[in-house]
Structures are given as C-alpha cells and as structure tokens.
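Dear colleague,

Please find below the structure that I am handing over to you, with its sequence. My findings follow directly after it.

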Amino acid sequence: TFDFLGQVQQDWICGVFALAGNKVLLVGTAKTGLKDASGWERNEFALAQLNADGTFDPAFGTAGKTHVPLTTRSLISCNAATMQKDGKILVGGHGWGTTTGADYVLARFTANGVLDTTFGTAGFVTTNFQLNADDPGENDTLLALAAADDGTIVAAGEMLLNVPYINGRASFARYLANGALDSTFGVSGTAAIDLAAAAPGGQSLFDVKSLVLSADGSILAGL
C-alpha cells in the first residue's frame, strides 16, 4: 500500500493489469486535497507500475508512478481503464466543468507512463451529453471503457437529465484513435438510450457498468 501524493488522502484504484514479466499496472485516482472555486475536488489520474516483487518499476513514469491534473475540469474520479492493442493505457472517469456539470473525461498514456499528447487535446478528451439545445447536460459519468483492435474506443456510463435528476439515460460514445468523436456512431459520435419502457418497477436511472466489443463491432453492455 502507498499514499500516492503523500497528502494523507484516500486514493483508490479503478483498474489492475497483469503485464509481461509478472509486472502489475495500477490505475486510479490520487486525491490532492485541493478544491476548485465551486468546492469540487481537484483530483488527478494516477498510474503506478510494480515489479514482480512489489517494488516500483523505475522504467515507468517517474520512479514508477505517473499523475496528471486536468487543466479544464476538476476531476472527480477515475472509474474505468483499459489497454489498447499497442500497449497504450486509457483512463476514464468524470470531471466537473464550469457550465455543463459533470462530463466524461478520458486520458491516454503511453506504455511507459507518459501522457500521450497526440490524444485529444494535450492528452485529454471531455464529452458532454445533451438531448437537445435546451439541455446543458447536467451529470455525465463515464463508467466503462473498451478498446477495439482498429484503434477506436468505446466509452459508456450514465447521463442524468436536469435536476432533480429523476430521469437518466444509458450513455455511449465512440472515439477515433486520436480521441475525436466518431461521427459514424450514434448522433455525432454519442448515443443516449432511454430504457424506461423495458425497466422493471418503474426504474428511471440507468448506468452502463461494463462493456464488451464483439468481433462484428457490436457492443454488449452490462447495466
């Protein structure tokens, strides 16, 4: 165990990967103890790579660890992680914006723990879901990630409508390898699906907790 930033804060893990040579990659959230002007926590994506004996791998990041702050959002948490075919590491969660509430946030790192600045904007991608022009997209939370062999990326989670957040949608987004939304998917790269008609007991909130990509490109989602 270790305190990632030495701030005596509660850090947590959202992904664990077994690597060649019995190394282990840990992905999660490092709490900084800082908050933005609205009171939201300014946490950071955090990665650590361990050798087979549990020591930090000095070839990864800085002395075995990497952590990066968001510049345009206050990161709330890391909720999902996956690895691409080329070994790059995708990390996803949700962060608080200034006008759009919580949005999907993704970051990509190289296999050696460096933020991949060729992805999105300086290594980060944010996505706000809106059903129409009048909906600011109050709370969008990324909860699952999957990487296809062709380099595309599928993210999924939940979209909550305007307060009091009594209705929600299962939300999906597909990105190209460079982090841009894939315009051939859904509406301009995103899809928000209302499952209320098929839900038991009048359930109105839906979140996608897991994803699997089929060989034919279809998406299997676990709610």
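The model is a predicted one, and the values in this message were computed from it. I begin with the cysteines, where the count comes to 1 disulfide. This bond joins Cys-14 to Cys-78, with an S to S distance of 2.0 Å. A disulfide is a covalent bond between the sulfur atoms of two cysteines. Cys-14 belongs to strand E1 and Cys-78 to strand E5 (residues 74-83), so the pair ties together parts that are 64 residues apart in sequence. Cys-78 has a relative accessibility of 2% and therefore counts as buried, the cut-off for that term being under 20%.

Strand E1, which carries Cys-14, also takes part in a hairpin. E1 (residues 12-18) pairs with E2 (residues 24-30) in the antiparallel sense, over 6 bridges. Two of the facing positions may help you to find the register on screen: Ile-13 is opposite Gly-28 in E2, and Gly-15 is opposite Val-27 in E2. Between the two strands of the hairpin there are 5 residues, and Gly-21 in the turn has a positive phi of about 75°.

The hairpin strands are also members of an open sheet of 4 strands, in the order E1-E2-E3-E4 and with antiparallel pairing. E1 and strand E4 (65-69) stand at the edges; each has a single partner strand, so one side of each is left without a neighbour in the sheet. From one strand to the next, the twist averages 15°.

Turning to the interior, the largest nonpolar core has 18 residues, of which Val-27, Phe-45, Ile-89 and Phe-109 touch the most other members. Two or more residues of this core come from each of E2, strand E3 (44-50), E5, strand E6 (89-96) and strand E7 (102-109). Val-27 deserves a separate look. Leaving aside residues up to four places away in sequence, Val-27 touches Ile-13, Cys-14, Gly-15, Phe-17, Ala-46, Leu-47, Cys-78, Ala-81, Ile-89 and Val-91. Both cysteines of the disulfide, Cys-14 and Cys-78, are thus among the residues that Val-27 touches.

There is also a second, separate core of 14 residues, which includes Leu-142, Ala-155, Ala-173 and Tyr-175.

With kind regards

Conventions. Residues are numbered from 1 along each chain as its sequence is written. This is a predicted model: local features need pLDDT of at least 70, side-chain atom pairs count only at pLDDT 80 or more; totals for chains, interfaces and linings use all residues. Side-chain values use heavy atoms; hydrogens and water are left out. Two strands pair if DSSP finds at least two bridges between them. A disulfide is a pair of cysteine sulfur atoms within 2.5 Å. Buried means under 20% relative accessible area, exposed over 50%, partly exposed in between (1.4 Å probe, protein chains only). Axes are lines fitted to C-alpha atoms, for helices over the stretch in contact, and angles run from 0 to 180 degrees between N-to-C directions. A nonpolar core is a set of buried Ala, Val, Leu, Ile, Met, Phe, Trp, Tyr and Cys residues joined through side-chain atoms within 4.5 Å. Contact means heavy atoms within 4.5 Å.
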